[in-house]
Amino acid sequence: QVQLMESGGGLVQPGGSLRLSCAASGSFASINAMGWYRQAPGRQRELVATISSGGSTNYAESMKGRCSISRDNTKNTVYLQMNSLKPEGTAIYHCKSVFLLRSGRFYEHWGQGTQVTVSS
């Protein structure tokens, strides 16, 4: 049993910034990869950024230079700092984590999502 609690979404003006947070809780041994994905109405879900347990990061081409993903393993939390936001960034942002359970099994879990709206 694991949970992901997302926060930080909301309404922001074009050019503004937001910091999303995703805190994991429950019963698990550790967390491997964590990431953020987004889905806009009528669009396919797409990767925004991921970060491995070792700290290696991967970004969507459209987000490079405008966002930064990080994690705090002591808090089991992953963050997504987004700057210079554009209207096309409006979407539901979902957090995903791959857990290593105490049984030794890997388990992928998604958060409920947080709405980000970029509009003036």
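**Exercise 1. Find how exposed Asn76 is, and place the residue in the chain.**

Step 1. Asn76 has a relative accessibility of 26%, so it counts as partly exposed. The cut-offs are these: buried means under 20% relative accessible area, exposed over 50%, and partly exposed in between, with a 1.4 Å probe and protein chains only.

Step 2. A word on the model before we go on: it is predicted, so local features need pLDDT of at least 70 and side-chain atom pairs count only at pLDDT 80 or more, while totals for chains, interfaces and linings use all residues. Residues are numbered from 1 along each chain as its sequence is written, and side-chain values use heavy atoms, with hydrogens and water left out.

Step 3. Asn76 sits in the loop between β7 (67-72) and β8 (77-82). Strands here are DSSP runs of E with at least two residues, helices are runs of H or I with at least four, and both are numbered from the N terminus.

Step 4. Look at the backbone too: phi of Asn76 is near 50°, a positive value in a residue other than glycine.

**Exercise 2. Locate Ser84, then find what Gly15 touches.**

Step 1. Ser84 belongs to the loop between β8 and β9. Its phi is near 50°, which is positive although the residue is not a glycine.

Step 2. With a relative accessible area of 39%, Ser84 is partly exposed.

Step 3. Now turn to Gly15, in the loop between β2 (10-12) and β3. Setting aside neighbours within four places in sequence, Gly15 is in contact (heavy atoms within 4.5 Å) with Ser84 and Leu85.

Step 4. Check the C-alpha distance from Gly15 to Lys86: the two are 71 residues apart along the chain, yet separated by 6.4 Å.

**Exercise 3. Search the structure for disulfides and describe what you find.**

Step 1. Recall the chemistry: a disulfide is a covalent bond between the sulfur atoms of two cysteines. The working criterion is a pair of cysteine sulfur atoms within 2.5 Å.

Step 2. Searching the whole structure gives one disulfide. Its partners are Cys22 and Cys95, with sulfur atoms 2.2 Å apart.

Step 3. Take the torsion about the S-S bond: at -85°, the link of Cys22 and Cys95 is left-handed.

Step 4. Cys22 lies in strand β3 (residues 18-26) and Cys95 in strand β9 (residues 91-100), so the bond ties together parts that are 73 residues apart in sequence.

Step 5. Both ends are covered: Cys22 is buried at 0% relative accessible area, and Cys95 is buried at 0% as well.

Step 6. What about Cys67? Cys67 is in no disulfide, and the nearest cysteine sulfur, that of Cys95, is 14 Å away. Cys67 also counts as buried, at 10% relative accessibility.

Step 7. List the surroundings of Cys22. Not counting residues up to four places away in sequence, Cys22 touches Leu4, Met5, Glu6, Met34, Trp36, Asn76, Thr77, Val78 and Cys95. Asn76 from the opening exercise is one of these.

**Exercise 4. Decide whether Gln44 is buried or exposed, and find its contacts.**

Step 1. Gln44 has a relative accessible area of 70%, so it is exposed.

Step 2. Gln44 falls in the loop between β4 (30-39) and β5 (46-51).

Step 3. Beyond residues up to four places away in sequence, Gln44 touches Arg38 and Gln39.

Step 4. Gln44 and Gly55 are eleven residues apart along the chain, and their C-alpha atoms are separated by 27 Å.

**Exercise 5. Summarise the fold, dimensions and surface of the protein.**

Step 1. Count the elements: there are zero helices and eleven strands.

Step 2. Compare radii of gyration, taken over C-alpha atoms, with the globule rule of 2.2 Å times the number of residues to the power 0.38. For 120 residues a compact globule would have a radius near 14 Å, and the protein has 14 Å, which agrees. Along the principal axes, the C-alpha atoms fill a box of roughly 50 × 25 × 25 Å.

Step 3. Of the 120 residues, 41% are buried. Among contacts with a separation of 6 or more, 55% come from residues 24 or more positions apart.

Step 4. The accessible surface (Shrake-Rupley method, 1.4 Å probe; for residues, only the protein chains shown count as cover) is about 6,700 Å², with 45% belonging to carbon and sulfur atoms.
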